[in-house]
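Q: I'd like a close look at one part of this fold rather than a tour of everything. Please pick a well-packed helix, walk me through what surrounds it, and then show me how the rest fits around that picture.

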Amino acid sequence: MFIIKTALLIIIGILIFELLIFSHEFGHFITAKLSGVRVNEFALGMGPKLFSFKKGETVYSLRLLPIGGYCAMEGEDEESDAPDSFSKAKVYKRMIIVCAGAIMNILLGLVLVFTLQVQSDTYASTTISGFVDSAYTAQSGLQQNDEILKIGNYKILSSNDISYALAMMKSTDVDGTAPIIAKEKYNATLVNVYAYLHQSKDNYSEEDFKIITDIYTKAKNEISSATETDKIVKTYEKAYNDMTMFNLEDGTKPELPEVSVSITETSPRFRTDVEVLRDGKKVTLKDVDFYTYMDTNGKPAIGFDFYTVPVEKNFLTVMSTTFSSSVSIVRMVYKSLIGLVTGQFSLSEVSGPVGIVSAVKDATSAGLETGFGEAINNIIYIMSIISINLGIFNMLPIPALDGGRFLFLIIEAIRRKPIPPKYEGLIHGIGFALLIAFILFVSANDIVRLFNGKGLF
């Protein structure tokens, strides 16, 4: 059954991916038709042709490899004297045709985001409603009813921005013996110890387990309010000894895994300034600590330790959340591109087709643990990001991309005459070669990352 579900999800993933390609090429196609430009072939897929038919002057074809598609217009990449060729159309019409593919991708991204948002009963806001027990963000400055305005240098416009801002943060090594870190580690370990003891709750006397619970609660509160590491360590050690001294009703001790806490010289920490709106005034909180743990790959990761005020679902909130979530994706994309240029991110962190497939696989696997519908939603979410990403990336002023073609059209509009086709063709040819080389690089990096978890660098 699992294999059948996985196969169905792979098919669904391919269909959604092809939908991204179709929407892009359809944007070029429909605007070309409306502008009187002849389309010689509209193809979905690449490689050998599976079947095709001709209607009017256009051949519509489905090709074997579901990795792309194209809208071949007369006179787009070669000289043509035909009156309905791309090169003979007015400049503004060619600009519309060139931009239409990217616009369609962004619109499709909006639709995909809408399909996810409309399923929710409520929506998250950017205002804090409360915290988990012993929350480290609360201990380092955040308060209930704070509206988060900025995390680091990232402006927060929606709840999604909070996730993106934290995801883009880099951890730094700080003094591992600092009280804030000692609190986190010893409290987390104390919670685990209590959880193991709780599994044997029915095998304790009711009075003994109540004492264990009281010891645990008191120690957790004392650790959270302590200001010195020595006090935290002593409180934990005493609580651990007191909690584990009780025998089960059969006279035996409960089985506990080996428990240890390590406070090293340095410890990875997600820590940054946070700007909030508090009682109508902007307040900047310095060095807010976010709960930091080590994931299964041994890398530091952030855990949320606060809740946000829910927003009631209605037509307006569905539409506004769809729009704000899409804007958040757009901001995430261009912030990531800026990060590549400024060196915040390395090329080794960029993913290509192989990385996308791997991400979809991981999201699908995670979703299947909850249910088939959740797996589909995970695929839709990733595809919404890819669709909007594709639209933005395509409009970058890089030769061989739509943005490069648009730049040449702007130059033509200013000069009132086109750049000679041989020069434009040469520049696009070089750009295409560099683009292919870049795709091969990120694909190789993705493949290496699958094996070593790090990539080429």
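A: When I say two residues touch, or are in contact, I mean that they have heavy atoms within 4.5 Å of each other. Keep in mind that you're looking at a predicted model.

Let's start with Asn187, which sits in helix α5, covering residues 179–199. Is Asn187 buried or exposed? Its relative accessible area is 2%, and anything under 20% counts as buried, so Asn187 is buried. Who are its neighbours? Setting aside residues up to four places away in sequence, Asn187 touches Ser134, Tyr136, Ala182, Lys220, Ile223 and Ser224. Two of those names, Ala182 and Ile223, will come back in a moment, when we get to the helix packing.

First, α5 against α7, the helix of residues 229–243. Their axes come within 9 Å and cross at roughly 5 degrees. An angle under 35 degrees counts as roughly parallel, which is why α5 and α7 get that description. On the α5 side, the residues that meet α7 are Pro179, Ala182, Lys183, Tyr186, Thr189, Leu190, Val193, Tyr194 and Leu197. On the α7 side you'll find Thr229, Ile232, Val233, Tyr236, Ala239, Tyr240 and Met243. Sorted by class, that contact has 13 nonpolar, 2 polar and 1 charged residues.

Now bring in α6, the helix of residues 206–225. The axes of α6 and α7 are 10 Å apart, and the two pack at about 175 degrees. Angles over 145 degrees count as roughly antiparallel, so α6 is roughly antiparallel to α7. Here α6 offers Ile212, Ile215, Tyr216, Ala219, Glu222 and Ile223. Facing them in α7 are Ile232, Thr235, Tyr236, Ala239, Asp242 and Met243. By class, this contact has 9 nonpolar, 1 polar and 2 charged residues.

If you lay the two lists over each other, Ile232, Tyr236, Ala239 and Met243 of α7 turn up in the contact with α5 and in the contact with α6. Ile223 ties things back to where we began: it meets α7 from α6, and it is also on the list of residues touching Asn187. Likewise, Ala182 is part of the α5 side of the contact with α7 and is another residue that Asn187 touches.

Next, the cores. The largest nonpolar core has 27 residues, and those with the most contacts inside it are Ile148, Ile151, Phe290 and Ile329. At least two residues each come from β4 (147–151), α4 (159–168), β7 (266–278), β8 (281–294), α8 (315–342) and α10 (372–394). The largest share, 5 residues, is from α4. A second, separate core has 21 residues, including Ala182, Ile212, Ile215 and Ile232. Those four names should ring a bell, since Ala182 and Ile232 figure in the contact of α5 with α7, while Ile212 and Ile215 are on the α6 side of its contact with α7.

Phe290, from the largest core, is worth a stop too. Apart from neighbours within four places in sequence, its contacts are Thr137, Leu166, Met169, Glu184, Arg269, Phe270, Thr272, Val274, Ile302 and Phe306. Ser140 lies 150 residues from Phe290 in sequence, yet their C-alpha atoms are 8.7 Å apart in space. Ser140 is in the loop between α3 (136–139) and β4, and it is buried, at 17% relative accessible area. Leaving out residues up to four places away, Ser140 touches Lys286, Asp287, Val288 and Asp289.

Among those, Asp287 has a backbone quirk: its phi is near 50 degrees, a positive value in a residue that isn't glycine. Asp287 belongs to strand β8 and is partly exposed, with a relative accessible area of 45%. Ala400 is another non-glycine residue with positive phi, at about 85 degrees. You'll find Ala400 in the loop between α10 and α11 (402–415), where it counts as partly exposed at 22% relative accessibility.

To zoom out, the chain has 12 helices and 10 strands, and 41% of its 457 residues count as buried. Of the contacts between residues at least 6 apart in sequence, 66% join residues at least 24 apart. As for cysteines, there are 0 disulfides; Cys71 is buried at 7% relative accessibility, and Cys99 is buried at 16%.

Notes: Residues numbered from 1 in each chain as written. Predicted model: local features only at pLDDT ≥ 70, side-chain atom pairs only at ≥ 80, totals over all residues. Heavy atoms only, no water. Core = buried A, V, L, I, M, F, W, Y, C linked by side-chain atoms within 4.5 Å. Buried < 20%, exposed > 50% of the residue type's maximum accessible area, 1.4 Å probe, protein only. Disulfide = S-S within 2.5 Å. Axes fitted to C-alpha atoms, helices over the stretch in contact; angles between N-to-C directions. Parallel < 35°, antiparallel > 145°, perpendicular 65-115°, else oblique. Nonpolar A, V, L, I, M, F, W, Y, C, P; charged D, E, K, R; others polar.
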